[in-house]
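Dear colleague,

Please find the structure below, with some notes on what was found in it. I have kept to two places that you may wish to look at on screen.

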Amino acid sequence: MNTEHPGLKPMLCWTSLSLTLPDEANVRMFAPHYSIGFYSAADLANGAIPEISTAAGICFDCDSPEAPELSLISDVKRRHPSIPVLLLAAELTAPTVTWALRSRVFDCLSKPLKATEAAGCIERLKAARMARRDQNSRPSITGIPTLPTSVHPAARGKGSIQWAMLEIKRRLAARPSETEMAALCRLSPSSFSRGFRREAGMTFQRFLATARLELACRLLADSELPIGEIGTRVGFDDPTYFARFFRREAGLTPSDYRLGARDARRVG
């Protein structure tokens, strides 16, 4: 039975698994046809999106998809087999694409997304939605293949700690705390701390500092954002505190790092 309201655009769930915000140009290509709902990996992993059953699709926006991202896609496909899943990534290797096709991922798209590719995907989504309209669900998909060897984690059982590592990188501006992430993983603080050190090979605070430094270096080298804005994006409201942190971790000031990165590009 069709329970949609006439005139309302169907929802497209958009989940960014990148370290940076979604590229607005990619989102704009879908926006005329869909109501874009932005959700975190934790929302999907925890089943915290009640309206997902009526979504037109779920778009996973990645940089270079690795084990945590592909595992999340597998889990979502198992729980919502009738909803088309899109994989939008800057780097798509042959093993990853093969895995995606065998896992019945609806479409693999490369960033930056071309208008013709987006238009083709939108038409295919519309056709799939029409095919689903008169049925409540499809039989559950079983036998989703294991992750490709090139991205498979070295050990099993990482589970929620892996999602925490991914979510920490996405929440840097909000200054995630160890207690908050433990609650997200539904673990006690002590269990989370032990598990995190075991899986990450470092403490929560060291992982957080490393993630902040990595993103700050990327934004300093590849963007024209003011240094104060970069500090805010990695979790420092005080520019002076950010500068001290960066100098301690990188051995030079943010300004000097940016100048060095620009000089290196000119030489290259």
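Which residues does Ile-73 touch, not counting residues up to four places away in sequence? Before the reply, please note that this is a predicted model, in which local features need pLDDT of at least 70 and side-chain atom pairs count only at pLDDT 80 or more, while totals for chains, interfaces and linings use all residues. Residues are numbered from 1 along each chain as its sequence is written, and side-chain values use heavy atoms, with hydrogens and water left out.

Ile-73 touches Phe-60, Val-85, Leu-87, Trp-99 and Val-105, where contact means heavy atoms within 4.5 Å. Ile-73 belongs to helix 3 (residues 67–79), helices being DSSP runs of H or I, at least four residues long, numbered from the N terminus. With a relative accessibility of 1%, Ile-73 counts as buried, a word that stands for under 20% relative accessible area, as exposed does for over 50% (1.4 Å probe, protein chains only). From Ile-73 to Val-105 there are 32 residues in sequence, and their C-alpha atoms are 8.5 Å apart in space.

The second place is helix 11. Its buried residues are Phe-242, Phe-245 and Phe-246; seen down the axis of helix 11, these fall within an arc of 95° (taken from the directions from the helix axis to the C-beta atoms), so they line one face of the helix. They pack against helix 9 (204–222), helix 10 (227–233) and helix 12 (254–267), whereas the face turned away from the buried side carries the exposed residues Arg-244 and Arg-248. After helix 11 comes Gly-251, whose phi is positive, near 85°.

With best regards

Notes. Helices (H or I, at least four residues) and strands (E, at least two) are DSSP runs, numbered from the N terminus.
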